[in-house]
Amino acid sequence: MYKTNTEAKAYVSSLLSLLEEVKTPAGLAVPYTAISLCADLAKDHSLLIGAQNMHSAEEGAFTGEIAADMLVDAGAEFVIIGHSERRKLFGESNADVAKKAQKALEKGLQVIVCVGEEEKHRKKGREAFLEAQLKESLQGVKKDFLASLCIAYEPVWAIGTGKSAKPDEVDQIHQFLRSILETMFTKTHAKKVAILYGGSVKKENIVSYMKKTNVQGALIGGASLKAHDFADMVQLH
Ligand code: PGA
């Protein structure tokens with residue numbers, strides 16, 4: 001919940017001028033109110049504009065919610081589903097996440113599904129927790145859509161805390177998550193899914209994650225709020 005439309009316009013204009021020559025795929029998940037504005041600004045650029053959440057229903061009496069068709073119509077190309085703040089502060093279950101992911105994929109959006117353990121599971125039971133969370137969050141997702149799916153591994157204890165996970169630890173967890181995807185789908189299909197790391201990623205540490213074999217990208221929160229910092233991280237990627 002950052003940036004009014006005036007702020008978003010200044011941010012995206014400055015980001016686009018900084019990213020002119022960059023080939024790395026990059027996206028901005030913006031507030032609903034800024035999607036259309038940002039999508040218009042970025043229309044001749046490879047920068048993707050996306051949303052931070054959506055509802056799983058086609059449409060209906062869900063006051064205050066937003067449907068996939070509305071996001072697409074506003075110009076969103078991707079959506080983040082199941083961010084830990086949605087799960088924790090707004091009570092989203094794995095089943096809710098799965099329904100949203102299915103709907104978004106059917107509507108042609110690229111989808112980033114977030115998973116990640118809380119501190120209490122970090123030392124004990126982490127793999128079992130993540131396995132269940134990943135499987136349940138992707139329940140019913142068809143393998144044909146996997147090229148449009150990314151998983152973001154975001155340990156809750158690392159989000160917004162400055163306590164980023166160690167790159168080796170992330171590499172190992174990503175490998176584990178991929179092995180789960182392989183059991184859920186096929187090895188070939190699982191290969192299509194990019195696995196991103198998120199949790200206190202910043203200019204100073206992004207390269208240490210990107211160097212790892214099992215890390216295909218980053219989901220960046222606080223450190224992306226200044227356009228030149230975000231542009232630097234895209235360039236370093
Ligand atoms: P952070 O947030 O980069 O500020 O830790 C990550 C996120 O909100 O997904």
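This is a short talk on three helix pairs and the ligand site of one structure.

Hi everyone, and thanks for coming. Before anything else, please keep in mind that we are looking at a predicted model.

Let me begin with helix α1, residues 5–18, and helix α2, residues 32–41. Their axes come within 10 Å and cross at roughly 30°. Angles under 35 degrees count as roughly parallel, and therefore α1 and α2 are described as roughly parallel to each other. The crossing of this pair is right-handed. Which residues of α1 and α2 meet? On the α1 side we have N5, A8, K9, V12, S13 and L16, and they meet T33, A34, L37, C38 and L41 of α2. If you sort the residues of that contact by class, you get seven nonpolar, three polar and one charged.

Now stay on α1, please, and turn to another partner, helix α11, which covers residues 227–236. Here the helices pack at an angle of about 35°, and the axes are 9 Å apart. The crossing of α1 and α11 is right-handed. From α1, the contact uses Y11, S14, L15 and L18; from α11, it uses A227, H228, F230, A231 and Q235. By class, that gives six nonpolar and three polar residues, with no charged ones.

On to the third pair: helix α5, residues 94–106, with helix α7, residues 126–137. The axes of α5 and α7 come within 7 Å and cross at roughly 40°, so these two helices are oblique to each other. N94, V97, A98 and A101 are the α5 residues in this contact, and α7 brings A132, Q133, E136 and S137. The classes here are four nonpolar, three polar and one charged.

Let's finish with the ligand. What surrounds it? The list is H83, E154, A158, I159, G160, G199, S200, I220, G221 and G222. Three of these names are worth finding on your screens: H83, S200 and G222. For H83, a polar side-chain atom lies 2.9 Å from an oxygen atom of the ligand. With S200, the backbone takes part: one of its N or O atoms is 2.7 Å from a ligand oxygen. G222 likewise places a backbone N or O atom 2.8 Å from an oxygen atom of the ligand.

That's my tour, and I'm happy to take questions.

Technical notes:
Residues numbered from 1 in each chain as written. Predicted model: local features only at pLDDT ≥ 70, side-chain atom pairs only at ≥ 80, totals over all residues. Heavy atoms only, no water. Axes fitted to C-alpha atoms, helices over the stretch in contact; angles between N-to-C directions. Helix = DSSP H or I, 4+ residues; strand = E, 2+ residues; numbered from the N terminus. Parallel < 35°, antiparallel > 145°, perpendicular 65-115°, else oblique. Left-handed = near helix turned anticlockwise from the far one by under 90°. Contact = heavy atoms within 4.5 Å. Nonpolar A, V, L, I, M, F, W, Y, C, P; charged D, E, K, R; others polar. Near = heavy atom within 4 Å. Polar contact = N/O pair within 3.5 Å; in protein donor to acceptor, adjacent residues only side chain to side chain.
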